[in-house]
Amino acid sequence: MAEKLRSPSDSETETLGEGNVTPLTTPLCRQLGIEVPVVQAPIGSAVTTDLVAAVAEAGGLGTLALTWVTADEAVRRIREVRRLTPRPFAVNLVLDFPVDEILDACLAEGVPIISTFWGDPSAVAERARSAGAVHLHTVGSVSEAERAVAAGVDVIVAQGCEAGGHVRGEATTMALVPAVVDAVHPVPVIAAGGIADGRGLAAVLALGAQAGWLGTRFLTACEAATHEVYRQAVIRAAPQDAVHTRCFDGGWPDAPHRALRNSTLSTWEAAGRPAAPNRPGEGAVLAGSADGRTWSRYEDMVPVPGMSGDLEALALYAGQSAGLVHDVAPAGRIVADIAARAAALRGV
């Protein structure tokens, strides 16, 4: 791990806040040094350095998910992204877990954008500001957004309950985003939840957001570490197949989430949604990998390449926008297609 604060590279200094202007470039884009208001959400174990770099190279903001790795591994991934692209990128940390050492490593590496979720962002805001990083924090309500701004957060991510993975609030994106925009103005807002194409991006920009935060769409990016079983489940899904639940709580208890209906979820619901350890098949090993690791029913792990077993029964985190995802495509093309359609719809 680096021992002292590493200054951003010359290329990052030139890029952060100085991105090329496109018809969709917002003030937030200029602040972050990106060209189009498309942010790749931190999709957990499905995130790869190749995905982050590809999104960045296409003019969007790629995000590494680093909560559950060591500080040394975080540094390795940060440096790998930098090897692949000179453009700005973000790292995401979940504040419900001990992330101080990882945050230290990220700031020491000069990561320009720190994204946080699920906890009090106060301490991170102060440390990020001291290191010269922009701090994004994801919220699920107006009151949480106001508290985050009071804590010193630079950018609010307003997450509607349509979102996949772990879900903070109960309001929909359409209702939450303009309410948060009004409440925290002039602090910029990114909209999350239910966005998978240019129509969704154009809609949230019209609501006052300055960028869209997309996770489910990037699950089927070529560069994502998504097992084919998981990828195809997303492609086949209808909006109603993405269920708001507490089923897959192993590793992150008491955290509501949205996942695709599968055999585990359906069996648990049919049994009356009993609490652990009295759930059907509790503790049964469902999957393994060549290195000997195993995963049990109800864990919060998604299927990734290299796994084998009953992968359909693992957590298949996805948002309701899965009903709009119909293909596998390179991340760069996903960003370009979303931006082009949003620009056309906005008449710019």
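A polar contact is a pair of N or O atoms within 3.5 Å; within protein, one of the two must be able to donate a hydrogen and the other to accept it, and residues adjacent in sequence count only if both atoms are side-chain atoms. One such contact, of 2.7 Å, joins the side chains of Thr-220 and Arg-217. The structure described here is a predicted model, in which local features need pLDDT of at least 70 and side-chain atom pairs count only at pLDDT 80 or more, while totals for chains, interfaces and linings use all residues. Residues are numbered from 1 along each chain as its sequence is written, and side-chain values use heavy atoms, with hydrogens and water left out.

Thr-220 is a good place to start. This residue is found in the loop between β9 (211-214) and α10 (228-236); helices (H or I, at least four residues) and strands (E, at least two) are DSSP runs, numbered from the N terminus. Thr-220 has a relative accessible area of 0% and is therefore buried, a word that stands for under 20% relative accessible area, with exposed meaning over 50% and partly exposed in between (1.4 Å probe, protein chains only). Leaving aside residues up to four places away in sequence, Thr-220 touches Arg-231, Val-234, Ile-235, Val-325, Asp-327, Val-328 and Ala-329, where contact means heavy atoms within 4.5 Å.

Attention now turns to strand β5. This strand spans residues 134-139, and 6 of its 6 residues are buried. Val-134, Leu-136 and Thr-138 are covered on one side, and His-135, His-137 and Val-139 on the other. Strand β5 has a partner in β4 (residues 113-117), which runs parallel to β5 and is joined to it by 5 bridges; two strands pair if DSSP finds at least two bridges between them. Within this pairing, Leu-136 of β5 has Ser-115 opposite. Strand β6 (residues 155-159) also pairs with β5 in the parallel sense, over 4 bridges, and here Ile-156 of β6 faces His-137.

Helices link these strands. β4, helix α6 (residues 122-131) and β5 form a right-handed β-α-β unit, and another right-handed unit consists of β5, helix α7 (residues 142-150) and β6. A crossover is right-handed if, with the strands pointing away from the viewer, the path from the first strand over the helix to the second runs clockwise.

Charged side chains add a further layer to the picture. The structure holds 19 salt bridges, each defined as a side-chain nitrogen of Lys or Arg within 4 Å of a carboxyl oxygen of Asp or Glu. One of them brings together Asp-104 and Arg-127 at 2.5 Å, N to O. Asp-104 lies in helix α5 (residues 100-108) and Arg-127 in helix α6, so this pair ties together parts that are 23 residues apart in sequence. Asp-104 is partly exposed at 40% relative accessible area, and Arg-127 is partly exposed at 24%.

Arg-76 and Glu-73 also meet in a salt bridge, at 2.8 Å, N to O. Both lie in helix α4 (residues 71-84), 3 residues apart, or about one turn of the helix. Arg-76 is partly exposed, with a relative accessible area of 46%, and Glu-73 is partly exposed at 22%. A further salt bridge, of 3.0 Å from N to O, joins Asp-291 and Arg-293; Asp-291 is exposed, with a relative accessible area of 53%. Finally, salt bridges that share partners join Arg-217, Asp-327, Arg-333 and Asp-337 into one network.
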